[in-house]
Amino acid sequence: MSPAGAPGAFELRPFGTGFGAEVLGVPAPDQLRRADVEDLRDALLDHRVLVLRGARLAPDAHARLARLFGAAVPGPGGSSPRWVAAGSTGTALPKILTFRTVAPSGHRVQFADAVRGYRLLPVPLRALADRSWAVHHVDEDADGPDGVAHPVTRLHPETGDRALLLGDGARRILGMTTPESRTVLDLLQSYVLRPDNIVTWAPTDGDAVVADARAVQHRTGPVAERGACGVVRIDVAGDAPLGVDGQHSRPLNRWGWAERSSA
């Protein structure tokens with residue numbers, strides 16, 4: 001981080017587990033120096049979720065914040081009460097997720113560390129995840145040839161970390177029946193969703209959040225407290241995830257792999 005008192009300096013306070021950190025005193029996006037932008041990017045790679053306290057971003061400033069990390073695209077609105085890997089029903093997934101608080105109506109956003117989830121796996125389960133591909137589909141009951149095949153273990157393009165690419169969009173594993181797939185997917189997902197692997201952002205007025213979508217799952221739900229703030233999301237465009245085998249995600253009907261019946 002920049003030295004205390006320097007123009008554009010800000011303070012980083014990691015959460016207890018090292019997953020997630022608060023950023024205090026961050027300047028407006030157009031006032032950040034190049035060194036501060038690099039510090040922010042490095043902090044995001046290290047901690048995967050950054051909560052910018054009191055950022056008070058106007059809509060245009062929110063878009064500028066997203067553009068610090070790449071090409072900004074509108075994020076989906078509304079709540080996503082189930083755990084998801086952002087955009088996993090498409091081929092190219094978002095690189096970064098950004099949120100800012102708005103009023104009224106409250107939401108909380110939870111993040112799960114998909115990198116640590118992978119690291120928690122016993123060695124045999126890591127081997128299974130590394131060689132497996134999962135079909136992601138919008139339709140929960142879909143068993144046909146459509147959908148997108150993603151590696152269960154994806155390689156982070158900047159850090160080289162391995163992360164579990166799962167979430168609610170993952171319907172079945174290529175080469176397994178639907179019941180077999182559900183057993184394996186639920187088991188792997190249980191390591192991502194361990195209680196000590198989750199951070200919760202209950203938005204307060206002026207907060208913003210930046211999350212590395214290549215390393216986390218998230219879900220959004222309502223907050224019961226009176227006067228709580230809602231959130232608006234802008235994504236940063238990414239590319240097709242890369243598997244341990246050197247293959248990128250692609251539409252399922254392009255694979256041409258034989259599969260067992262999913263009955």
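## An antiparallel sheet and two loop arginines

In strand β8 (residues 133-136), Trp133 and Val135 point one way, whereas Ala134 and His136 point the other way, and all are buried (buried means under 20% relative accessible area, exposed over 50% and partly exposed in between, with a 1.4 Å probe and protein chains only). In a regular strand the side chains alternate between the two faces of the sheet. Strands here are DSSP runs of E with at least two residues, helices are runs of H or I with at least four, and both are numbered from the N terminus.

The model is predicted: local features need pLDDT of at least 70, side-chain atom pairs count only at pLDDT 80 or more, and totals for chains, interfaces and linings use all residues. Residues are numbered from 1 along each chain as its sequence is written, and side-chain values use heavy atoms, leaving out hydrogens and water.

Strand β8 belongs to an open sheet of four strands in the order β12-β8-β9-β18, with antiparallel pairing. At its edges lie β12 (170-173) and β18 (250-251), each of which pairs on one side only. Two strands pair if DSSP finds at least two bridges between them. Four bridges join β8 to β9, three join β8 to β12, and two join β9 (residues 148-151) to β18. Val148 stands opposite His136 and also opposite Pro251 in β18. The bridge partner of Val135 in β12 is Arg172.

Two arginines in loops have positive phi values.

| Residue | Loop | Phi | Relative accessibility |
|---|---|---|---|
| Arg48 | between α1 (34-47) and β3 (49-52) | near 75 degrees | 8%, buried |
| Arg56 | between β3 and α2 (59-67) | about 50 degrees | 57%, exposed |
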